[in-house]
Amino acid sequence: MSIVVLYNCPGDDAAEVARWRGFLAAYDPAIDFRVWPDTGPVEDIDYCLAWKSEAGDLRRYPNLKAIFWLGAGVDHLLRDPDLPRAPLIVRLVDPGLTAGMTEYVLLHVLRYHRRTPELEALQREGRWQPLDFPLAKDRRVGIMGLGVLGQDAAAKLLTLGLDVAGWSRSPKRLDGVTTFEGDAGLTPFLARTQILVCLLPLTPGTAGIINARTLAALPKGACMINAARGGHVVDADLIAALDSGHIAHATLDVFHREPLPVEHPFWRHPRITLTPHVASQTIPETASQAVIEGLKAMREGRRPANVVSLEKGY
Ligand code: NDP
Ligand code: OXD
């Protein structure tokens with residue numbers, strides 16, 4: 001039976017839409033692929049591919065069976081007070097997205113391990129001053145969030161010989177990784193972490209988790225990388241910790257408001273490296289394969305992988 005799929009990603013350009021259309025047509029040429037806001041009769045829509053869809057829009061489709069969210073983090077979607085409860089929500093888990101994030105984490109962890117921000121500051125001053133760095137085995141990296149992205153980053157960091165720990169909600173056993181869990185595990189995890197990487201989902205339990213108290217629990221001179229969501233960080237607390245020298249440097253890819261307002265102090269802080277939410281990206285070539293696997297499962301009456309738990313919020 002043919003299906004109707006609505007592509008609902010406001011702001012995507014025509015080339016991006018054409019790539020998605022092409023990949024879905026290659027899977028099943030009979031798919032009726034519609035592009036929001038040209039939905040046609042709303043009762044027709046079986047599945048929605050969505051990213052940053054307008055609040056309230058997704059409840060307009062009474063026969064929607066699943067929402068395929070074209071990103072890993074569903075915080076934007078779950079904030080919609082009118083989100084329909086009936087359709088399954090499937091988040092994006094795809095090798096392209098994972099590889100992009102792991103590249104970002106490796107890039108910035110190595111940058112801190114090899115003290116590159118300090119070398120760059122010396123260059124600006126025209127000073128030739130070699131700096132020591134420890135063996136990788138003596139550099140302690142800590143990843144908040146040991147899910148799909150955290151686990152892949154941890155595995156690749158281990159191949160560089162770094163000392164890797166991770167923190168999650170439920171206990172984990174991962175070869176070579178020192179693991180901590182739950183509220184009780186947070187302080188000991190932070191106490192041993194020289195380079196902190198945040199890869200948590202944004203939920204009521206993780207909002208503001210990088211704050212004065214948790215930053216103070218890191219050793220003096222620690223660096224941090226936030227590639228998850230801006231809502232994890234209390235901005236004023238981070239600036240205070242950087243200004244006091246307790247935190248040496250921060251790399252931030254995500255912000256409370258995006259684009260980051262021009263007047264925000266992060267833009268000009270000498271010890272912040274800022275990137276415009278590009279740690280990883282949804283690339284249709286690989287992401288469409290994940291969506292197609294989900295569509296196949298639904299059409300065959302199976303539960304797709306990576307269904308979001310509304311209870312957990314991720
Ligand atoms: P997963 O759902 O696979 O993993 C989430 C991890 O966080 C799990 O280990 C989970 O623990 C842990 N966690 C959740 N809540 C808590 C808590 N209260 N305390 C401790 N640990 C907790 O997510 P992904 O790895 O796929 O993605 C992580 C996030 O990365 C996304 O939600 C998104 O916000 C962000 N992201 C950012 C991108 C960017 O370009 N900047 C790109 C892609 C994603 P447990 O294992 O016990 O459930
Ligand atoms: C995501 C993102 O959640 O790109 O996938 O931020």
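How much space lies in the largest cavity? The model is predicted, and in it the largest cavity holds about 30 Å³ of space. A search of the whole structure finds one cavity of 30 Å³ or more. The elements that give two or more residues to its lining are H3 and helix H5 (148-159). The lining itself is made up of Ala 72, Arg 91, Leu 92, Val 93, Asp 94, Leu 97, Thr 98, Val 148 and Leu 149. By class, six of these residues are nonpolar, one is polar and two are charged.

Two residues of that lining, Ala 72 and Leu 97, lead on to ligand 2, since both are also among the residues around this ligand. The others around ligand 2 are Trp 51, Gly 71, Gly 73, Arg 229 and His 277. Ala 72 takes part through its backbone: a polar backbone atom of this residue is 2.7 Å from an oxygen atom of ligand 2. Arg 229 takes part through its side chain, where an N or O atom is 2.7 Å from an oxygen atom of the ligand. For His 277, a polar side-chain atom lies 2.7 Å from an oxygen atom of ligand 2.

Next comes an open space in the protein. The second largest pocket has a volume of about 420 Å³. It is lined by 22 residues, and those closest to its centre are Pro 117, Glu 118, Cys 223, Ala 248 and His 249. Helix H3 (95-113), helix H4 (116-124), strand S10 (222-226), strand S11 (247-252) and strand S12 (272-274) are the elements that give two or more residues to this lining. H4 supplies the largest share, with five residues. The lining of this pocket divides into ten nonpolar, four polar and eight charged residues. H3 is thus an element shared by the two linings, as it also gives two or more residues to that of the largest cavity.

The last stop is a single residue, Asn 211. Where in the fold is Asn 211 placed? It is in the loop between strand S9 (195-198) and helix H7 (212-217). Asn 211 counts as buried because its relative accessibility is 17%, and the cut-off for buried is under 20%. A polar atom of the Asn 211 side chain lies 2.9 Å from the backbone oxygen of Gly 208. Apart from its neighbours within four places in sequence, Asn 211 is in contact with Val 234 and Asp 237.

Methods: Residues numbered from 1 in each chain as written. Chains lettered and ligands numbered in written order. Predicted model: local features only at pLDDT ≥ 70, side-chain atom pairs only at ≥ 80, totals over all residues. Heavy atoms only, no water. Helix = DSSP H or I, 4+ residues; strand = E, 2+ residues; numbered from the N terminus. Buried < 20%, exposed > 50% of the residue type's maximum accessible area, 1.4 Å probe, protein only. Polar contact = N/O pair within 3.5 Å; in protein donor to acceptor, adjacent residues only side chain to side chain. Contact = heavy atoms within 4.5 Å. 1 Å grid on protein atoms, 1.4 Å probe; cavity = no way out; pocket = protein on both sides within 12 Å on 5 of 7 lines; lining within 4 Å. Points joined across faces, edges and corners; volume = space filled by probe spheres on them. Nonpolar A, V, L, I, M, F, W, Y, C, P; charged D, E, K, R; others polar. Near = heavy atom within 4 Å.
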